[in-house]
Amino acid sequence: MSIENLTADSPVETDPSWHVISVEDALERIDSRASGISTAEAEERLKRYGTNELVDRGGKPAWKILWEQFTSVMVLILIAATFLSLILGKFLEAGAIGGIVLMFALLGFYQEYRAEKAIAALRQMTVPTVRVRRDGVTVSVPARQVVPGDVVHLDAGTVVPADLRLLEVVSLRIQEAALTGESEAVDKKTTPLAGEDLPVGDRINMAFSGTEVTYGRGVGLVIATGMATQLGRIADLLQGVTSEQTPLQARLDHVGKQLALLGVVVAGVVAILGALGGETWSNLVLTAISVAVAVIPEGLPAVVTFTLAVGAQRMLRRNALVRKLPAVETLGSVTTICSDKTGTLTQNKMTVSTLVLPDGTWTPGGDAPSSAALVALAAGALCNNAEIRHVDGEGIKTIGDPTETCLLEAAQAGGIDVVTLRSVMARIGELPFDSERKRMSTRHAPLAGQVPELAQLPQDLDLIFVKGAVDGLLTRATGVFADGAIRALDDAARAWVEDTNKDLASRGQRVLGLAVRLIPPGRTPADPETDLVLVGVVGIIDPPRPEVAAAVATCQGAGIRPVMITGDHPLTAQAIARELGIGRDGGVLTGVELDRLDAEEFDHASRTVNVFARVSPEHKLRLVDSLQRHGQIVAMTGDGVNDAPALKKSDIGVAMGITGTDVSKEASDMVLRDDNFATIIAAVEEGRVIYDNLRRFVSFAVAGNLGKIIVMVGWPIPFLLLPFDGTAAVALLPLQLLWLNLMTDGLLGLAMGKEPAESKVMRRPPHVPGGSLWTGGLGRRTVWIGLVIGFVALGIGFWYHETGNPAWQSMLFTTLAFLQIGQAFATRSHHDSLTTIGWRSNTLLLWIAALVLALQLAALYTPLGVFLRLEPLGAVDLMIAAATGVGLLVLIESVKAVDRRRGVGISIGRH
Ligand SMILES: Nc1ncnc2c1ncn2[C@@H]1O[C@H](COP(=O)(O)OP(=O)(O)OP(=O)(O)O)[C@@H](O)[C@H]1O
């Protein structure tokens, strides 16, 4: 998409010239003010202009989902079967097969449609909120309620919510790749530009919907919303968002197709056997159809979608919001979790514990601060973007980044009136905080005697206050403020700062240095953050979240390595890591140290070191890459705009719901609604449960179908060898098989998606993603259960047939149903006995089993039986059939018991 296309041919181009007029003219043109519009006006404009949304961006249309149900290989074979039956003049069969195909297709449609809706609803939950000025105050509103004329705030990490004419910028940089394809971020301005028809990419006093703020902050006037924005004009984008298949879905699709083809082959074999036995042509075709129908796992797609969607809901209940369905499954195979420290492992509730000065310390709540302490506290309050507000009913509240709010609170505890201080010491410049520099600076006009607390500082110079990581400040400092005067930063002073830093950090505290630079008014140094005078060092406590230590232990027990990746000091990181049980050995490496490693050493480090400190987002990306190259499945957390590449690269990108930026959320697969590490572990557990349940279902369905194949193939063989009366070449009719598959794969299978966790789910290694479904003994178990089902049913069928019982087919049919009900219960756990897990722990299965039973009885004893060509069975026959089901249940349970005693059993296949 070229830039020209966007401007020249846009059909809804209304007023392209916002970039050539001044800020004041822009405000006037749209009838707004720098303080924003009123709530009433906003409501009125919302009615006039509509909501700020692009026309339905996501999701498959319903007709497409429905169409896909009818075009799968399985269904096509069934449709072919319907036509063959028609040709043979078997109208009832044709109608019934057709009907059941329709039923399966509708079931599949319903499940998939629901899953689509559920995922769309989940995506809706991450729709960003925007800070706008309404009625003169800044409030948060959902992005969809933004209207033309609104004045909105932009910060690093914000996705621009609408098209804006910029009113204020502070080092504002915006990445506009979504619109222009240009990946380099653009520096923004507010001054009018020349040239009405400048291309979008050159309108640098505008910000466009969908682009991303990568740095700085700004304020903009909304000039277009929704479909009237530049983004809204790019039709291509609107169709975007394809729903992805999970790896397992893709593999199961494959299994489905293979089974369908196998069905065709086996059908051919049975037909040949029948032909050898002198069976009639039409009966042969009918038999072939029956076999194909028996083998095809009709319920598979519906059950898989249902299980994944149920899984996403379960995760949501545990505060993990899945944005992409494949994540539900991938979570189960995660081997390494790289987590930020602040806010994820810790509470992000920061309090200043101590302020260390060259000539003493001050503790909030303790004595009155010394004059040196006042300078440091004022520096911390001025070089600070948190706000103090009076909230009705709650009194004075600080709002903003916890690292900054705690500094405001400390200043107030020290007796400084922050609001007054800030109004007197107006800010005239700012270098925003970023996680690469790990510091921020603000510039203020000379004191001129206005602030008594700062009487000891020169009164006629501009002040640049800097706060940030101590190590960085130390390399840029030349002086220290001690005993009311500025002294040279000699070795002793340097050693004092370093020791203080280490001492606080090794106690797990976050350490911030505070510094000032004095500069004649009007002069702008090339790098304002040099020649600094240190005024103090602050120790900040951010306690670990109480539940995280247990989550870390669970994580390790589950064969998953937790890794801490933090921008904080290595000693702080290590102290917190130790407290939480992360990386008892393996030490800590810093970003600088990582940079010194060669590729091989880096790879070694990524696999052995568990704590990485003072890293930048770019290191996160390299770590993910290195881990992935060594076969690890990596979950990576991130909150900042620069974390997006690492989130995208990781197998599970995890964003923070509370503190995360829009950009990080958009790049993620999963959002933690509570920012909590423990929630990742909960999601992993759910992921494993889902994987187990899918494996369980596939094993159940394949064993059942194997049983049915044995019955269908095995049935004609004795008749070939023995004198044949020509009445019994087909064990079961297509309708009967379809019915059975509907009962088992369809209904009982659905209930398997609801199975709760196996007891050992978090005490075993993660499964190999993309690995075989049948590993760990599951293949063997599936086969023998299939053989038992097949031969028991066959045996009973022969017995009834040979004893001349006309209901032999009904008996065969009913036996198969009972066998699979028994199997369904026994398969509820691969290890634990049914008595341990409790009959009632999956009530859905109980209900569905009851329903299946009722439907089976209806098939035998109501007019439905005529349709299905079944004869009623006597009570004894019923009991025999039921006994086979109970027998299979007991048999599987006994095998599990023996396995448990021998310490073996179904495993997940990674050792
Ligand atoms: N608002 C701030 N102003 C100035 N410096 C800051 C600010 N916040 C953090 N720092 C400094 O930057 C360092 C890194 O902070 P950053 O926010 O990048 O990492 P973090 O949040 O501690 O790490 P993570 O969340 O990745 O565990 C901190 O140790 C601190 O020294």
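**Exercise 1.** In this predicted model, state which helix holds Phe 91 and whether Phe 91 counts as buried or exposed.

*Solution.* Phe 91 belongs to helix α6, residues 91-125. Its relative accessibility is 58%. The cut-off for exposed is over 50%, so Phe 91 counts as exposed.

**Exercise 2.** Find which residues make the nonpolar surface patch that includes Phe 91, and which helix gives the largest share.

*Solution.* The patch consists of Phe 83, Leu 84, Leu 86, Ile 87 and Phe 91, and covers about 550 Å². Helix α5 (residues 73-87) supplies the largest share, 4 residues.

**Exercise 3.** Classify the ring pair of Trp 715 and Trp 808 and place both residues in the chain.

*Solution.* The count of aromatic pairs is 5. For Trp 715 and Trp 808, the ring centres are 4.7 Å apart and the planes meet at 10°, so this pair is stacked. Trp 715 sits in the loop between α26 (677-714) and α27 (716-721), and Trp 808 in helix α30 (residues 808-826); the pair therefore ties together parts 93 residues apart in sequence. Both residues are buried. Together with Phe 798 they form one aromatic cluster.

**Exercise 4.** Classify the pair of Phe 825 and Trp 839, and give the burial class of Phe 825 and of Trp 839.

*Solution.* The centre-to-centre distance is 5.4 Å and the planes are 45° apart; the pair is tilted. Phe 825 lies in helix α30, Trp 839 in the loop between α31 (834-837) and α32 (843-861), so parts 14 residues apart in sequence are tied together. Phe 825, at 9% relative accessibility, counts as buried. Trp 839, with a relative accessible area of 43%, is partly exposed.

Technical notes:
Residues are numbered from 1 along each chain as its sequence is written. This is a predicted model: local features need pLDDT of at least 70, side-chain atom pairs count only at pLDDT 80 or more; totals for chains, interfaces and linings use all residues. Side-chain values use heavy atoms; hydrogens and water are left out. Patches are made of residues with over 30% relative accessible area and no salt bridge: like charges are joined within 9 Å, nonpolar side chains (Val, Leu, Ile, Met, Phe, Trp, Tyr) within 5 Å. Accessible areas come from the Shrake-Rupley method with a 1.4 Å probe; for residues, only the protein chains shown count as cover. A salt bridge is a side-chain nitrogen of Lys or Arg within 4 Å of a carboxyl oxygen of Asp or Glu. Helices (H or I, at least four residues) and strands (E, at least two) are DSSP runs, numbered from the N terminus. Buried means under 20% relative accessible area, exposed over 50%, partly exposed in between (1.4 Å probe, protein chains only). Rings of Phe, Tyr and Trp (its six-membered ring) pair if their centres lie within 6.5 Å; planes under 30 degrees apart count as stacked, over 60 as edge-to-face and the rest as tilted.
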